[in-house]
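Here are a few worked exercises to try with the structure open beside you. Attempt each task before you read its solution.

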Amino acid sequence: MFNNKLSVEQLRAKVGEDLGTSRWFPVSQERIDQFADLTEDPQWIHINPERAAKETPFGGTIAHGFLSLSLLSAMAMDVVPGVQGTVMGINYGFDKIRFLNPVRSGSQVRGHFKLAQVEPRGDNQLLIRYAISVEIEGVDKPAIACEWLSLVVLG
């Protein structure tokens, strides 16, 4: 993310362009279990492979939607350029998040990033909007479609 730094003008020129696709991230049962522990969300569809295989249409456990969403930070590091003069970046939130398809344990996911908007906020801030699709390896329907907002403070 910060290896390739663009000027504000260069960044604005990329609005509407695809920024790229991240590497694949494995979503193992171990990762799902660790996320369940950290977030105190031990719902059985995530952590009980035997029961999930018998009682769900997924054939086994699935990742928490928020686990898949949390991987966006690492995915962004692969493809989103930094901005020259940045003092800090702040996660500003999301305008839309849709969990379109469950991510089965053992799958891999990656993010496709498009620069949707760069909006000045005062003299030293930019509000940047990314349109993102999270793909599941070998599956046509994406796991997530979202619009992510980042606030960049310039020095």
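## Exercise 1: a serine and its surroundings

At 14% relative accessibility, Ser150 counts as buried. The model you are looking at is a predicted one.

**Task.** Find the element that holds Ser150, and list the residues that Ser150 touches beyond four places in sequence.

**Solution.**
1. Start with burial: the cut-off for buried is under 20% relative accessible area, so Ser150, at 14%, falls in that class.
2. Next, place the residue: Ser150 lies in strand 8.
3. Now collect its partners, leaving out residues up to four places away: Ser150 touches Ile90, Tyr92, Leu126, Leu127, Ile128 and Tyr130.

## Exercise 2: from Leu126 into the core

**Task.** Take one of those partners, Leu126, and work out which residues Leu126 contacts outside its neighbours within four places in sequence. Then turn to the largest nonpolar core: which members touch the most other members?

**Solution.**
1. The contacts of Leu126 include Val8, Leu11 and Arg12.
2. Further along the sequence come Val83, Val118, Glu119, Pro120 and Arg121, and the list ends with Ser150, Leu151, Val152 and Leu154.
3. The largest nonpolar core has 35 residues, and Leu72, Val109, Phe113, Leu126 and Ile128 touch the most other members.
4. At least two core residues come from each of helix 1 (8–13), strand 3 (25–27), helix 2 (29–39), helix 5 (65–70), helix 6 (72–79), strand 6 (107–120), strand 7 (125–136) and strand 8 (144–154).
5. Strand 7 gives the largest share, six residues.
6. As background, nonpolar side chains in soluble globular proteins tend to be buried together.

## Exercise 3: a nonpolar patch on the surface

**Task.** Is Met88 buried, partly exposed or exposed, and which residues make a nonpolar surface patch with it?

**Solution.**
1. Met88 has a relative accessible area of 44%, so it is partly exposed.
2. Met88 sits in strand 5 (residues 86–99).
3. Together, Val87, Met88 and Ile90 make a nonpolar surface patch of about 260 Å².

## Exercise 4: the whole protein

**Task.** How many helices and strands are there, and in what order do they run from the N terminus?

**Solution.**
1. The count is six helices and eight strands.
2. Their order from the N terminus is β-α-β-β-α-α-α-α-α-β-β-β-β-β.
3. For contacts between residues at least 6 apart in sequence, 72% join residues at least 24 apart.
4. Of the 155 residues, 39% are buried.
5. The protein exposes about 8,400 Å², with 49% of it supplied by carbon and sulfur atoms.

Note on methods. Residues are numbered from 1 along each chain as its sequence is written. This is a predicted model: local features need pLDDT of at least 70, side-chain atom pairs count only at pLDDT 80 or more; totals for chains, interfaces and linings use all residues. Side-chain values use heavy atoms; hydrogens and water are left out. A nonpolar core is a set of buried Ala, Val, Leu, Ile, Met, Phe, Trp, Tyr and Cys residues joined through side-chain atoms within 4.5 Å. Buried means under 20% relative accessible area, exposed over 50%, partly exposed in between (1.4 Å probe, protein chains only). Helices (H or I, at least four residues) and strands (E, at least two) are DSSP runs, numbered from the N terminus. Contact means heavy atoms within 4.5 Å. Patches are made of residues with over 30% relative accessible area and no salt bridge: like charges are joined within 9 Å, nonpolar side chains (Val, Leu, Ile, Met, Phe, Trp, Tyr) within 5 Å. Accessible areas come from the Shrake-Rupley method with a 1.4 Å probe; for residues, only the protein chains shown count as cover. A salt bridge is a side-chain nitrogen of Lys or Arg within 4 Å of a carboxyl oxygen of Asp or Glu.
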